[in-house]
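Let's work through a few short exercises on cysteines and surface charge. Have the sequence and the structure open beside you.

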Amino acid sequence: MKRQYLGLAAALVLTNTAHAEWQKSYVIEWNEPAMYYGADTGVIDPGTDCPAGTNPEIDWIDVLVRAGYSLEEAQWLRNPANPTRSPRHGQNQMAFRGKDRANVYTHPETYPDPGLTEVSGAIGEGLNLDSNSSTGFTSPTGEKGIDNTFYKTLGCWKTYRGPHRLSGGALTFNDAMRNGAWTMVVVVTGEGDDPRNDEDVSVGIYMSDDKLVKGGDGEVSPDYSFRLKPHRVYEGIFSARTIDGVISTREPSEKVVLREPAFNQELELLQAQLRLTMQDDGSLQGYVAGYRPWMPIYTGWVDARGPVIESLTWVELPSVYYALKRNADYSPAGANGENTHISYALRVSALPAFVMTPDASQEVSQVVSYRDSAPEEVVRNPFAGLVVNGIVPDRSGKYYAGPDAVILPPDAATQ
Amino acid sequence: MKQVRYKLRQRLAFGLTLACALPVAADSVDKGAEIYRSACKGCHEVSIAPSLEGVVGRRVASVTNFADYSEALQANSDKHWTPEELNRFLEAPRDYIPGTLMMQTVPDPQERAALIAYLTTLGTEPAALDITAPVSGIDQPVTVAVRRLNESQYRNTISDIFGADIEVKARFEPERREEGLQAVGNSDLSMTSAGFEQYFGLAQRIAAQALDETRRETTVPCSVPANEAAARACAADFVNGYGEQLFRRPLSEQERNSRLALVPEVSAGEDAFHQGLELALTSLLAAPEFLFRVETAEPDPDNEGHLRLDGYSRAARLSFLFWNTAPDEELLRAAASGELFNAAGLENQVQRLAGSPRFEQGVRAFFYDLMQLDGFDNLIKDPEIYPKFNQVVADSSREQMLKTLVGLLVTDDRDYRDIFVSNDTYINRSLAAVYKVPYTSDADWTEYTFPDELERTGLLSQIGFLSLFAHPGTSSPTRRGIKLHEIFMCEPTPDPPADVDFSKVKDSKAGTVRGRLLDHMENTGCVACHRRSDPPGLALEHFDGLGQLRKFENGQLIDVSATLNGADFVGASGLGELLHDDERIPACLVRNVYAYSAGRVPDEALSPFLSSSVAAFAEDGYRLPGLMQRMAVSEDFFHVVVPSGAGASDQVAASQ
């Protein structure tokens, strides 16, 4: 505890004594995976990104039968009138469709790859992470080499697909953020005379415990004050430059961790870069990108109650597992190691705000790391303790699900 | 005095001459006074138009302290306002003298004659009003005023008597503002049957909470009585105690007995006993004597034939002014002992009230009413135009005004006029966002001094005033100017004529408001008022309809220079300095302190009292607490006005 205070004091001393030549600060009002949308309208309709539309709706009776359940058992499990279909239990038995009725969420490789519709268009959003213009997508503005394999892999999953700010997933998680679940702030400082053209710029992305505030129009209001909250996990520091108001990283940051707008809250980005444009209205728009570990993406969905996710979003989660694994394009261990990471871009929109020191006494005037001054904090999955191996077990035991579950009640034939 | 009588005779002669020429009776002065009040007073008793005192026989455009005569009237300054001239002018002013700013017409010849007859009487010295004149025909206590408790007074009273944790959930009857104050409007308010149902339901809920098992021990003055005599005594203590606090005076025997009859005999059981007490309390809470502040005058034993406000009415007036709640035990005791009739006793109580932390509550309530802050309850802004506006911002803006006023005038005991020039205020996180300044505090509110570059000088440059007196989608120099005159100078503005074309003013996408108002003022019927109301508002045009700082409107640079009564000023700071030195402002505050506490505007008999209060206010450096204390210890503060018709039939029970 003593060390904690000393660390905080050190950070405060640093911020109080060191001042950049200029400072601008923002609060993130929207962030979502940068998924280029190639259709004219509608989430599931065909478009240049997904010519066949999104991953199709699944016939779960067929899936269960292929997994070894009898037709009668599959029909009984999928019958809304039966207790195992209740939202509370989330059709738990669906988990047990692997080999020998293994749990496909925890053991996806016990289940053959069902296949996932992937993006086949050539346009994608994000940044050129590997400095190779011959790989990846072409941006909507014509820039080559955009690395966003996450988009290629999951861009036709209807949860992620849609026009800017309108995909189901983005809406769900940004609504939570905008209603006060968490807040991230951005501090930009520079050592030159002109904020729009400065070779020595620093960008810090931090957490705040002060909630976003909506105005009468239902949108997040600018110009509010947010106290920076030192956080052990969530923080991103970038060295950058500005050219004509566009902030770009000078060198990739080895590792940053942001609060992801997803069930999996931890967005770890290796070789992270950003490109954020200072807009005329004072806002900041652009991307933060890097290579993220792919496994947490999969487990994030599993831990959000696998059967519920599968039923509502038209995917079989093992297909997500296989697709991410197949498309992963980066290995921190080196070129010969198994690719454990996948290229990714977060589309960010931020409004002008006042980012204050943790004690609120003044504006943050220098981008430094506050990690060492942060208290210990455990990042908890929102379903922690509730979800076990991708399902919510019925604590009463009345609706047991498992490899050895008896599916049909004795009198099922008469039902 | 002889000269005055001569002038009066001369003017009456003019009037009589006219009366002979026109079909009007000489006794129609009253009718003329009525017309004057409805058609003339609105402009001619404020700085919009020249005073009409002595107008009959006066040279045209000759009032020396009025600088805004139209060129048309000035061109006729060789004429005199004879009754004949007035008659022709009033029939159709703009036909008779084209270019005049006078917009009111009196087309009916009889009404014109009556009005001229009344105008003839203006400017003569009024018969000396003797504030101490005997009141004939009243030799018992008489009700002289009835004022409905407002919501905050009701809530404060309940909280003080039964505890702050008592929930008061109800929709209160709407208030009405008259003469700029709800306190005056409340003197004329009755209660609808639907309103009474609300109050009755509320009484039941409050009584139930007060006698809930968890509170009973502290609410009821005795444990379960063992016998009937003890039960009666306990119930009597209960009814007398709460009755006196709620009615702000001891109960009459009849009032007490009617409530005691609701309490069953002890043999009915403990629950029945407490239910009876609950019923009795409900009855007290639903009684008009609680819901209305009843002021009673009584024959003055030291001044035969005269009335004085009785002790309990004095106590209530003091308590609601200084604390915005019912009198506490000490004040009731002082009322009962007669201390409030002697100078030392009264002064002791006033000092005690003003020295209490609760004095802030009274000052807040006064300014809440004076500044018309109830308007925030229904304030609407177009979210497309002012997206930052929400209810939190509205509530915070109101609170900022109150905190600023209390901070400057009570906590720091500063010059009242500083409210127009001080940059010191309080902000919270929401307001900081609208002001576009960082919020440097961990607390909900913090003291703050606006830097000069933000142009936030004085109360009028705060979001509260600027947003409250604007339109939902635009600023409004006119509204801001009108309210400034009404609230701070006691100069209301008459309603605009019915035939005004507002389309140019409302086209918010064309140029600046200044330009649109200038177009609007091409209408000569509008210019008389607008040239008074608009300049202060134009100086505040660097603030949009939400009070956000701006320098441009529709791409055009906003000019915030203005001229009022010949004085040039620029922006909020210039306006603040102008107001700081305006003599009407402290005089208006004095008038409002009295009107707020008495529930009526002061009559002419109180003019000397008000004048001396203004002088003492100035001498004291315009300190509000001192002003309130000096006024409250004056006998004139309790000046009795017997309503017309009040007499023997209205006399209240002598036992009260």
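**Exercise 1. Find what Cys50(A) is bonded to, then place and describe the bond.**

Step 1. Cys50(A) forms a disulfide with Cys156(A), at an S to S distance of 2.0 Å; a disulfide here is a pair of cysteine sulfur atoms within 2.5 Å.

Step 2. Cys50(A) sits in the loop between β1 (22–33) and α2 (60–66) of chain A, and Cys156(A) in the loop between α4 (149–154) and α5 (168–178), so the bond ties together parts 106 residues apart in sequence. Helices (H or I, at least four residues) and strands (E, at least two) are DSSP runs, numbered from the N terminus.

Step 3. The torsion about the S-S bond is about -100°, so this disulfide is left-handed.

Step 4. Cys50(A) is buried at 1% relative accessible area, and Cys156(A) is buried at 0%. Buried means under 20% relative accessible area, exposed over 50%, and partly exposed in between (1.4 Å probe, protein chains only).

A word on the model: it is predicted, so local features need pLDDT of at least 70 and side-chain atom pairs count only at pLDDT 80 or more, while totals for chains, interfaces and linings use all residues. Residues are numbered from 1 along each chain as its sequence is written, chains are lettered from A and ligands numbered from 1 in the order in which they are written, and side-chain values use heavy atoms, leaving out hydrogens and water.

**Exercise 2. Decide the handedness of the disulfide between Cys490(B) and Cys588(B).**

Step 1. The sulfur atoms of Cys490(B) and Cys588(B) are 2.0 Å apart.

Step 2. Their S-S torsion is about 90°, so the bond is right-handed.

Step 3. Cys490(B) lies in the loop between α22 (477–489) and α23 (503–506) of chain B and Cys588(B) in helix α27 (residues 584–598), so parts 98 residues apart in sequence are tied together.

Step 4. Cys490(B) is partly exposed at 23%, whereas Cys588(B) is buried at 2%.

**Exercise 3. Work out the handedness of the disulfide between Cys222(B) and Cys234(B).**

Step 1. The S to S distance for Cys222(B) and Cys234(B) is 1.6 Å.

Step 2. With a torsion of about -75°, the disulfide is left-handed.

Step 3. Cys222(B) is partly exposed at 26%, while Cys234(B) is buried at 3%.

Step 4. Counting bonded cysteines along chain B, the disulfides follow the pattern 1-2, 3-4. Over all chains, the count is three disulfides.
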